[in-house]
Number of protein chains: 2
Amino acid sequence: MGLSKTDNFTTEQNELAAFAKALGHPARVAIIEYLSTQANCVCGSIVDAIPLAQATVSQHLKELKNAGLIQGSIEGNSICYCLNPEKWKKFKQMLEPTFTHIEQPVCC
Amino acid sequence: MGLSKTDNFTTEQNELAAFAKALGHPARVAIIEYLSTQANCVCGSIVDAIPLAQATVSQHLKELKNAGLIQGSIEGNSICYCLNPEKWKKFKQMLEPTFTHIEQPVCC
DNA sequence: CTTCTTTATCGTATTATTGCAATAAGACAA
DNA sequence: TTGTCTTATTGCAATAATACGATAAAGAAG
């Protein structure tokens, strides 16, 4: 139905899915990579770095913000978008069990 | 347009996005968690563990398989789905720079 | 106040995703 | 062969996501 049945799953499962979904687009991956390597966090610089229209980049930033992966703060006339360390720690923590599991594959 | 402009991004960015996108649904998170904790990998057991119709679960399994996060092997009359360790290692490796970066937040 | 800069939102077209019933396809058993 | 069990595929309806031009909103600069 195009509508995810989130009620059938745990809060944690939904949160992990939300993190992953937010990262599930190359433009948003590029934004995160940019923020991980650049000291510059001004919105306009991100827009310049991503090969999409300003409106589209703004939309992607909004989704990353909604998922909590980035946070925005007003910096004079512009806006500074930065990674949200706590959410990323949680994201990492939720992936850890699977990352650990694949070290000793037990299956077929 | 509903069509991702993947051409504008690197192969790596697209691959990371594909991994993340595959994990971007609670049902698929639940499947991965199941495979990370259960020794049982038979398709039917997964279907039983996920509160969705068989056809829907089969579709989610297909997406995880397309992304490479799981692999299926014929096991007698049924099919065994397991995590693909190599792809998960790559996934982890691609997230590492950001996981590392958030240890020393340098931004606003 | 006016203008410019910066970012967000709206409207819209297009395509993708989700979900399930129904059905198909394949292997195995009798 | 016939039936059963297991998994995949098809077809469809409903909803979500992607992209961008146009426009709005809010400050800064003059």
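Tutor: Buried area is the accessible area, taken with a 1.4 Å probe, that two parts lose on being put together, summed over both. The model under discussion is predicted.

Student: About how much area do chain B and chain A bury between them?

Tutor: The contact involves 43 residues of chain B and 43 residues of chain A. Carbon and sulfur atoms account for 76% of the area buried between the two chains. The total for chain B and chain A is about 3,900 Å².

Student: Which residues of chain B lose the most area to chain A?

Tutor: Three residues stand at the head of the ranking on the side of chain B. Together they make up 15% of what that side buries. They are F9(B), F99(B) and I102(B).

Student: How many salt bridges are there between chain B and chain A, and how many residue pairs in polar contact?

Tutor: A salt bridge requires a side-chain nitrogen of Lys or Arg within 4 Å of a carboxyl oxygen of Asp or Glu. Between chain B and chain A the count of such pairs is zero. For polar contacts, with both residues at pLDDT 80 or more, the count is nine residue pairs.

Student: Which elements of chain B each supply at least two residues of the side that touches chain A, and how many residues of that side are nonpolar?

Tutor: The elements are α1 (11-22), α2 (26-37), β2 (78-83) and α5 (85-101) of chain B. By class, the side of chain B that touches chain A includes 11 polar and six charged residues. Its nonpolar residues number 26.

Student: What relation holds between chain B and chain A?

Tutor: Chain B superposes on chain A by a rotation of 180 degrees, with 0.0 Å of shift along the axis and an RMSD of 0.0 Å. Moreover, 100% of the interface residues of chain B are also interface residues in chain A, so the copies meet through the same surface. The rotation of 180 degrees with 0.0 Å of shift is the relation of a two-fold axis.

Student: In what order do the elements of chain A run from the N terminus on?

Tutor: The secondary structure of chain A consists of five helices and two strands. From the N terminus on, the order is α-α-α-α-β-β-α.

Student: Which residue forms a salt bridge with E15(A), and why does the pair tie together separate parts of the sequence?

Tutor: The closest N and O atoms of the pair are 3.2 Å apart. E15(A) lies in helix α1 of chain A and its partner in helix α5, so the pair ties together parts that are 75 residues apart in sequence. The partner of E15(A) is K90(A).

Key: Residues are numbered from 1 along each chain as its sequence is written. Chains are lettered from A and ligands numbered from 1 in the order in which they are written. This is a predicted model: local features need pLDDT of at least 70, side-chain atom pairs count only at pLDDT 80 or more; totals for chains, interfaces and linings use all residues. Side-chain values use heavy atoms; hydrogens and water are left out. Contact means heavy atoms within 4.5 Å. A polar contact is a pair of N or O atoms within 3.5 Å; within protein, one must be able to donate a hydrogen and the other to accept it, and residues adjacent in sequence count only if both atoms are side-chain atoms. Helices (H or I, at least four residues) and strands (E, at least two) are DSSP runs, numbered from the N terminus. Ala, Val, Leu, Ile, Met, Phe, Trp, Tyr, Cys and Pro count as nonpolar, Asp, Glu, Lys and Arg as charged, and the others, Gly among them, as polar. Copies are superposed by least squares on the C-alpha atoms of residues with pLDDT of at least 70 in both.
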